[in-house]
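Please open the model in your viewer, with the sequence panel alongside, and follow the selections below in the order in which they are given.

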Amino acid sequence: MTLFEMGTCSRCGGTGKYSWNAKHGTMCFKCLGKGKIYTKKGQAALEFYQKSLMKNIEDVEVGNFMWEKGGWQEITKISKIEEIDNGWHFEFKNCRGFKIVFSDNLKIKVVANENERKELIEKAIEYQNSLTKKGA
């Protein structure tokens with residue numbers, strides 16, 4: 001599912017294939033073999049959406065969802081690591097493992113819930129629709 005405007009890759013003409021090499025075969029590196037890339041409007045909307053997901057690490061709460069391991073994971077525990085300067089420890093529901101982040105002024109991708117994520121997507125699509133073809 002594509003959230004933001006995309007167009008045909010100008011390098012491969014939408015085939016996803018370009019010149020051959022031994023390591024990657026014929027994969028087009030501009031579109032990573034997908035045949036489509038974000039238009040300028042789509043790229044601007046994607047960046048708008050990505051920025052809207054970012055929260056200061058101090059504002060993250062248990063129950064929020066953090067982008068980790070290729071999906072949204074519910075945070076079940078947050079603790080400051082006193083032994084490590086500026087260290088934070090996150091644990092996730094239904095997910096093996098944890099994440100350790102080192103910084104006090106770090107921003108991370110977090111949403112409170114699925115409704116907030118959908119609202120942010122809607123705002124980014126509205127932003128995309130307000131842009132000119134050149135993404136401005």
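Begin with the largest pocket of this predicted model, which holds about 250 Å³ of space. Its lining consists of 14 residues, and if you want to centre the view, select Leu3, Leu46, Tyr49, Gln50 and Trp67, which lie nearest the centre of the pocket. Colouring the lining by residue class gives ten nonpolar, two polar and two charged residues. Which element supplies the largest share of that lining? Helix α1, residues 40–53, does so with four residues.

Keep the largest pocket in view and select Leu3, which belongs to the segment before β1 and is partly exposed, with a relative accessible area of 27%. Once its neighbours within four places in sequence are set aside, Leu3 is in contact with Ile121 and Ile125. A distance monitor drawn from the C-alpha of Leu3 to that of Ala124 should read 9.2 Å, although 121 residues of sequence lie between these two positions when counted as a separation along the chain.

Next, select α1 as a whole, a helix of 14 residues whose first and last C-alpha atoms are 20 Å apart, close to the 20 Å expected at 1.5 Å a residue. Showing its side chains by accessibility picks out Lys41, Gly42, Ala44, Ala45, Leu46, Tyr49 and Leu53 as buried; of these, Leu46 and Tyr49 have already appeared among the residues that lie nearest the centre of the largest pocket. To see what covers the buried residues of α1, add elements including β4, β5 (54–56), β7 (71–81), β10 (107–111) and α2 (114–130) to the selection.

From β4 you can move to the second largest pocket, which has a volume of about 180 Å³. Select Thr2, Met6, Lys30, Cys31, Leu32, Lys34, Lys36, Ile37 and Tyr38 to display its lining. Strand β4, residues 36–38, gives the most to this lining, with three residues. By class, the lining of the second largest pocket divides into five nonpolar residues, one polar residue and three charged residues.

Within that lining, pick out Leu32, which is found in the loop between β3 (25–27) and β4. Is Leu32 buried or exposed? At 52% relative accessibility, Leu32 counts as exposed. Its backbone also deserves a look, since phi of Leu32 is near 55°, a positive value in a residue other than glycine.

Now turn to the loop between β1 and β2, and select Arg11, which is found there and counts as partly exposed at 36% relative accessibility. Leaving aside neighbours within four places in sequence, Arg11 is in contact with Tyr18, Cys28, Phe29 and Lys30, and the last of these, Lys30, is also one of the residues lining the second largest pocket. The C-alpha atoms of Arg11 and Cys28 are separated by 7.5 Å, with the two residues 17 positions apart along the chain. Gly13, in the loop between β1 (6–8) and β2 (17–21), is exposed, with a relative accessible area of 54%. From Gly13 to Cys28, 15 residues apart along the chain, the C-alpha separation is 9.9 Å.

Stay in this region and select the cysteines, displaying their sulfur atoms. Why is no disulfide assigned to Cys9? The closest cysteine sulfur to that of Cys9, in Cys12, is 3.8 Å away, which is too far for a bond, because a disulfide requires the two sulfur atoms to lie within 2.5 Å. The sulfur of Cys12 has its own closest cysteine sulfur in Cys31, at 3.7 Å, again too far for a bond. Both residues are buried, Cys9 with a relative accessible area of 1% and Cys12 with 9%. By this distance rule, the count of disulfides comes to zero.

Finally, clear the selections and show the whole chain as a cartoon, in which there are two helices and ten strands. Traced from the N terminus on, the elements run β-β-β-β-α-β-β-β-β-β-β-α. Of the 136 residues of the chain, 32% count as buried. If you compute a contact map, 50% of the contacts with a separation of 6 or more are accounted for by residues 24 or more positions apart.

Technical notes: Residues numbered from 1 in each chain as written. Predicted model: local features only at pLDDT ≥ 70, side-chain atom pairs only at ≥ 80, totals over all residues. Heavy atoms only, no water. 1 Å grid on protein atoms, 1.4 Å probe; cavity = no way out; pocket = protein on both sides within 12 Å on 5 of 7 lines; lining within 4 Å. Points joined across faces, edges and corners; volume = space filled by probe spheres on them. Nonpolar A, V, L, I, M, F, W, Y, C, P; charged D, E, K, R; others polar. Buried < 20%, exposed > 50% of the residue type's maximum accessible area, 1.4 Å probe, protein only. Expected span 1.5 Å × (residues − 1). Contact = heavy atoms within 4.5 Å.
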